[in-house]
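Biologist: I'm new to reading protein models, and I'd like to go through one with you. Could you start with the aromatic rings?

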Amino acid sequence: MHLNRTACLLKSWLFLGLLLGNFQIAIAQSTGILVGSVTDKITQEAIIGATVRLEDTQLGTATDVEGKFKLAGIPPKTYNVTVSYLGYVTQTRYNIVITTGNANFVNVELETDAKSLGEVTISENKSVRIASAETPLSIQNLSAQEIKANPGGNFDISRVISTLPGVGGTAASGAFRNDLLIRGGGPGENVFYLDGVEIPVINHFSTQGASGGPQGILNVSFIEDATLSTSAFNARYDNPLSAVLQLRQRDGNPERFQGNFRLSGTEAAITTEGPLSKKTTFLASARRSYLSLLFELINLPIRPDYWDFQYKVTHKFNAKTSLTILGVGAIDNFEFALPKESTAENIYIFSSNPRNKQWNYTQGFTLKHLIENGFWNLTFSRNMLDNQLDQFRENYDGQQRDESKRTLGVNSQEIENKLRFDFNKYLGNWRISAGAGLQYVKYNNKTFTNIQPEIKDSLGNIVQDAINLRFNTAIDFFKFGLFAQANRSFFNNRIALSAGIRADGNTFTSDGANLGNTISPRASLSVALTEKWKANASIGRYYRIAPYTVLGYRDENNTLVNKNVPYTYNDHYVIGLEYVPTPTLRITAEGFYKQYHNYLITTNDGISFANQGGGFGIVGNEPVRGGGKGETYGLELFVQQKLWRNFFFVGSYTYFYSRFAGVDGKLVASSWDNRHLIALTLGKKFRKNYELGVKWQFQGGSPYTPFDETASRQNYLNIGTGTFDYTRLNSQRLPNFSQLDIRIDKKWNFKKTTFDLYVDVTNLLARANPSLPSYTFKRKEDNSDFVTTDGQPIRLDGSNAIPYLLPPAAGMALPTIGFIFEF
């Protein structure tokens, strides 16, 4: 039924697109504009007179005395833009879409050219190579257009980078979320930076103490590119165990006001930009979801609703000094509503999930100053997360508010104030960077948890006492860190070496102020074997402090029981080969091994945190201990074809193991141990500004823990879910997950505006999404009440209930139609 309806909708939309595409509108010839800048990558100074040209055309220009350029009169379509200058390596930016509605921006950093490398000749154009001396491997990059046009991506950066090697997610376990599981690590092991400012929360409805969420916050209209590092981390970044995602934003249009309005099946967004003065530009956006309307139409009982806001202001005091101010914020509300049709599945959603109100923001200021052969950055930022959770027993219609039936109540805030300074200097073939950071942290949490309800027998005698946990915590402390990194090339750049060191501390944990406990060295090596082949290797140790939800937890005696928790750390060992047969094609193969130490273990259940964090709500709000161990290891293959003859392609395959131990010290498969990850994305540009994108993803089945039948029966009516049998931890596996997405774009360029109509279909083949089993009790046919073995009302301990596992949801294709209007 769903397939037939989807097919009809698709046929209608495709017919509409073809019909509109053949209209001939009598308007004046419209052209677009390309603007940007060219700077020296080492000194960050402007390059005067650099040549900028569009490949396969006669169009080109040169940079001015400020290193800026403007190329007008460009027929609207997609180009590769090449930038060159004597003594520098030529750079190409691929897949640059020129429209009449908005000027497009390209900012390029050129590296000094090495003409003679003995027997090794360096290609004139290494644009497809993105590795650096400090991160020569385990690094990938996606351009703005690759992010915007990603099929099924919904303009969401977290979903788009899932096509990169080693990147998994919780979709394979039925969670429609953006949890990033990198090389077998958990969702709380990654850090995110926006123009050098750390952004702790990048998703709506984020899981406090971990990460992830169903929808990204960041506006892709701001993004120039995204770079993901999965090892060989630069020492300037604190707290990564699995990945660093760096997002670089462009500046606003310095010449005129422009913007775009985007409307899709789930949200509406507006972005504006322009000059505030001759030296100041701005970008600003706001977005509003209407997912609640969509879910009402398809009879889902959840009503998620969100707003997000983003801005960037750039001011240039002079040629050497600039100030960047940025902000990101979100307001989230997750409620329930009684659907038109009451089903066992809908009632289960009511009883098993908390209501969630959440808001967060990040505000950052960065002052950058150029010095001789280098530069320094001074960054101050503040971020805050406010998270409220409410859950009630017998919430069968989603509207329960009876305080006597409350099972969960959380009101929590995390606040960080950060100051960081980094100094970058180039001395001959040496590049040296060093810096320090200081953070002032506040964490508040008021929590009520009904661990078990009071149970009475038929005579009114209490046979089980209620157990409630209440605590109100407020902590504040300082975090601090130091780092240094040095890179050097040898033998005419044939060999590159990098070494770095970092140490972090805090004033809260018992031995946290001792920097000697967190010394984290790292080193990398890159060898040019031939013009097209490179061999790379890296080794490093990386530390991460426990989540604030763990550090601030208090027991029933109001004692901070987790103050002795040490930093978790892991050791990375990576080797790889890189092959670049053409300037547009890059192929890599890597092997990795990560060994974890002091991984957190829950005191109550004795299991590793590697088996938590893939759901909504909060993680770590309980007593824990350190000392856990784990390991992940595997192989990755990656192929990236940049735009060539109107075609581009990204493909990756990862085979890996992820195993962690609990209190028993036995290594077992973690919740992220999918074993196989495959992602293929291709795009094709056609005449008349049509574009086709196709993405296919495959993940091996996720491990899961079966239910404890006795405990589940006793506790279900109180907690709304089954209770796991941790003696059989992750002993079962879900079926494999696969999904095919497709997107078609058509652009119309008018004199000063552009209209982009797109059709995006997620899960085109309507494959069922494997999901974790859902434990409940059998209900009557009209779902008005539970069926019992004795015909009597159900007992609170579930002794007369009939346990029932809900069947997996049927697969469904999710088509959406939307447009982007540029003005």
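Modeller: Sure. Rings of Phe, Tyr and Trp count as a pair if their centres lie within 6.5 Å. Keep in mind that this is a predicted model.

Biologist: Okay, how many aromatic pairs does the structure hold?

Modeller: It holds 38 of them. Take Tyr440 and Phe478: their ring centres are 5.1 Å apart and their planes sit at 40 degrees, so this pair is tilted. Tyr440 belongs to strand 25 (residues 430-452) and Phe478 to strand 28 (residues 467-490), so the pair ties together parts that are 38 residues apart in sequence.

Biologist: Which residues form one aromatic cluster?

Modeller: That would be Phe707, Tyr716, Phe724, Tyr726, Tyr775, Phe777 and Phe786.

Biologist: Back to the tilted pair. Is Tyr440 buried, partly exposed or exposed?

Modeller: Here you need the cut-offs: buried means under 20% relative accessible area, and exposed means over 50%. Tyr440 has 27% relative accessibility, so it counts as partly exposed. Phe478, with 37%, is partly exposed too.

Biologist: And how do I read a charge next to a ring?

Modeller: The idea is that the charged end of a Lys or Arg sits over the ring. In this model, Arg743 lies over the face of Tyr758, 4.2 Å from the ring centre. Lys746 does this with Tyr690, at 4.8 Å from the ring centre.

Biologist: What about nonpolar cores?

Modeller: In soluble globular proteins, nonpolar side chains tend to be buried together. The largest nonpolar core here has 32 residues, and those with the most contacts inside it are Ile147, Ile157, Ile161, Leu194, Leu245 and Leu247. Elements giving two or more residues to this core include helix 3 (157-160), strand 11 (190-194) and strand 16 (243-249).

Biologist: Which residues does Leu245 touch?

Modeller: Leaving out residues up to four places away in sequence, Leu245 touches Ile157, Ile161, Val191, Phe192, Tyr193, Ala226, Thr227 and Leu228. Apart from this core lies another one, of 25 residues, among them Val565, Ala610, Phe660 and Trp672.

Biologist: Let's try one last residue. Where is the place of Val410?

Modeller: Val410 is in strand 24 (residues 406-427). With 3% relative accessibility, Val410 counts as buried. Not counting residues up to four places away in sequence, its contacts include Asn387, Leu389, Lys446 and Ile618.

Biologist: How many residues apart in sequence are Val410 and Asn472?

Modeller: They are 62 residues apart in sequence, and 9.9 Å apart in space, C-alpha to C-alpha.

Technical notes
Residues are numbered from 1 along each chain as its sequence is written. This is a predicted model: local features need pLDDT of at least 70, side-chain atom pairs count only at pLDDT 80 or more; totals for chains, interfaces and linings use all residues. Side-chain values use heavy atoms; hydrogens and water are left out. Helices (H or I, at least four residues) and strands (E, at least two) are DSSP runs, numbered from the N terminus. Buried means under 20% relative accessible area, exposed over 50%, partly exposed in between (1.4 Å probe, protein chains only). Contact means heavy atoms within 4.5 Å. Rings of Phe, Tyr and Trp (its six-membered ring) pair if their centres lie within 6.5 Å; planes under 30 degrees apart count as stacked, over 60 as edge-to-face and the rest as tilted. A charge sits over a ring if NZ of Lys or CZ of Arg is within 6 Å of the ring centre and within 35 degrees of the ring normal. A nonpolar core is a set of buried Ala, Val, Leu, Ile, Met, Phe, Trp, Tyr and Cys residues joined through side-chain atoms within 4.5 Å.
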